[in-house]
Amino acid sequence: MQNCVYEFGDSIYINLTNACSNSCDFCIRNFKEGVGGSELWLEYDPSAAEVEDELGKYDLSRYRSAVFCGFGEPTCAFGVLLEVAGWLKERGIRTRVNTNGQANLINGITDAAARMRPVIDSVSVSLNASTAEKYQAVCHSVYGEEGYQAMLDFVEDCVHEGIETVVSVVDLIGEQEVEACRRVAESLGAEFRVRPAITADEEY
Ligand code: SF4
């Protein structure tokens, strides 16, 4: 059975796809096979029914939240994400999506945040850089520098929709750049977080 659901910390994680519109230099997929002892390369993208069957094997009341955080970009499987998130909300489970914020470009839509609002409680968006140029230099979006602006617009939309919105950077970018990113986050009305980078030496 491939690992589309796994435990990590005090949450249950959902791995919907290995597809991504970015190819970040620091991506964990460049040097690890998974997280928390679970191998996360998928043979195929699971259907909503398969993910729900798998989730049904767990006592979901034990977890603080359910987090969509693939070994890839969860909004590349946007339909399945919304369906599974709705299934979780029906069971009173708190939901979060960790995302690169490019859902609108990926899915050819303009209202990703509005579609997420009924079933997603919080989003964590990887900001990664303070300008489109710097972002593209490390994240290599298939959309070029447009990917950065789409991510900023998505963050603003999520804040506007009342979704708890955190933007984050990894702690490798230097103090000045962290502060520049903090100002970008504040200008969008989002919370800001600096997260530790996962290194090749750490156990998974
Ligand atoms: S957006 Fe996330 S999954 Fe995609 S390449 Fe970057 S770090 Fe990896």
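Me: Which residues surround the ligand?
Reply: This is a predicted model, in which local features need pLDDT of at least 70 and side-chain atom pairs count only at pLDDT 80 or more, while totals for chains, interfaces and linings use all residues. Residues are numbered from 1 along each chain as its sequence is written, and side-chain values use heavy atoms, with hydrogens and water left out. Taking as near any residue with a heavy atom within 4 Å of the molecule, the ligand is surrounded by C20, N22, S23, C24, C27, R29, G72 and N100.

Me: How do the residues of the shell around the ligand divide into nonpolar, polar and charged?
Reply: Ala, Val, Leu, Ile, Met, Phe, Trp, Tyr, Cys and Pro count as nonpolar, Asp, Glu, Lys and Arg as charged, and the others, Gly among them, as polar. Sorted in this way, the shell holds three nonpolar, four polar and one charged.

Me: Within what arc do the buried residues of α7 fall?
Reply: Helices are DSSP runs of H or I with at least four residues, strands are runs of E with at least two, and both are numbered from the N terminus. In α7, the residues that are buried (under 20% relative accessible area with a 1.4 Å probe, protein chains only, against over 50% for exposed and partly exposed in between) are E177, V178, A180, C181, V184, A185 and L188. Judged by the directions from the helix axis to the C-beta atoms, these buried residues line one face of the helix, because they fall within an arc of 160°.

Me: Which exposed residues does the face of α7 turned away from its buried side carry?
Reply: The buried residues of α7 pack, with contact meaning heavy atoms within 4.5 Å, against α5 (132–139), α6 (146–161), β8 (164–170) and β9 (191–195). The face turned away from that buried side carries E175, Q176, R183, E186 and S187.

Me: Against which elements do the buried residues of α1 pack?
Reply: In helix α1 (residues 48–55), the buried residues are A48, V51, E52, E54 and L55. Seen down the axis of α1, they fall within an arc of 160°, so they line one face of the helix. These residues pack against β1 (5–8), β2 (11–14) and α2 (78–90).

Me: What is the relative accessible area of I93?
Reply: I93 lies in the loop between α2 and β6 (95–99). Not counting residues up to four places away in sequence, I93 touches L60, A66, L88 and D121. I93 is buried, with a relative accessible area of 9%.
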